[in-house]
Amino acid sequence: MIHQSWNEKPTLKKVKCVHTNAAKYIVNRALTAGKTYDVKNETEEFYFLVDNSGKVSGFYKDYFEEM
């Protein structure tokens, strides 16, 4: 259950949200375009980061650009 300790883990890197135009899901409630987020974990397809609610959530990488 590694996901339960992600908030306490050190930040791997920072990414900037470039858009919230999701085809299938509503992400504009959790992300803000232009804002920088702390990445806590990463897979090939997703970033797991601390979103606007203060919780760690997973999002497709195409919403972000690396800094």
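**Aromatic pairs**

Start with the aromatic rings of this predicted model: six aromatic pairs are counted. Select Y37 and F64 for one of them. Their ring centres lie 6.4 Å apart and the planes meet at 80°, so the pair is edge-to-face; the cut-off for that label is an angle over 60 degrees. Now colour the strands and look at where the two residues sit. Y37 belongs to strand β2 (residues 36-42) and F64 to strand β5 (residues 64-66), so the pair joins distant parts of the chain, 27 residues apart.

Buried or exposed: which describes Y37 and F64? Both Y37 and F64 are buried.

Keep F64 selected and add F59. F59 and F64 are also an aromatic pair, with 6.4 Å from centre to centre and 65° between the planes, and this pair is edge-to-face. F59 is buried, as is F64.

Which residues make up the aromatic cluster around these rings? Select Y37, Y47, F59, Y63 and F64 together: they form one aromatic cluster.

**A lysine over a ring**

Stay on Y47 and show the side chain of K61. K61 lies over the face of Y47, at 5.1 Å from the centre of the ring.

**The end of β4**

Y47 also leads to the next stop, S57, which touches Y47. Select S57, located in strand β4 (residues 56-60). Leaving aside residues up to four places away in sequence, the contacts of S57 are Y47, F48, L49 and D51. With D51 there is a polar contact as well: the side chains of S57 and D51 meet at 2.9 Å.

**The sheet**

Switch to a cartoon view and select the five strands. They make an open sheet in the order β4-β3-β2-β1-β5, with antiparallel pairing. Which strands are at the edges of the sheet? The edge strands are β4 and β5, each of which pairs on one side only. S57 is therefore on an edge strand, since its place is in β4. Viewed across the sheet, neighbouring strands are turned against each other by 45° on average, direction ignored.

Go next to the β5 edge and select strand β1 (residues 13-17) along with β5. How many bridges join β1 and β5? The two strands pair in the antiparallel sense over three bridges. To see one position in this pairing, select V15 and E66: V15 stands opposite E66, which is in β5.

Finish by showing F64 again on β5, with Y37 on β2 as its edge-to-face partner.

Notes:
Residues are numbered from 1 along each chain as its sequence is written. This is a predicted model: local features need pLDDT of at least 70, side-chain atom pairs count only at pLDDT 80 or more; totals for chains, interfaces and linings use all residues. Side-chain values use heavy atoms; hydrogens and water are left out. Helices (H or I, at least four residues) and strands (E, at least two) are DSSP runs, numbered from the N terminus. A polar contact is a pair of N or O atoms within 3.5 Å; within protein, one must be able to donate a hydrogen and the other to accept it, and residues adjacent in sequence count only if both atoms are side-chain atoms. Contact means heavy atoms within 4.5 Å. Rings of Phe, Tyr and Trp (its six-membered ring) pair if their centres lie within 6.5 Å; planes under 30 degrees apart count as stacked, over 60 as edge-to-face and the rest as tilted. Buried means under 20% relative accessible area, exposed over 50%, partly exposed in between (1.4 Å probe, protein chains only). A charge sits over a ring if NZ of Lys or CZ of Arg is within 6 Å of the ring centre and within 35 degrees of the ring normal. Two strands pair if DSSP finds at least two bridges between them. Axes are lines fitted to C-alpha atoms, for helices over the stretch in contact, and angles run from 0 to 180 degrees between N-to-C directions.
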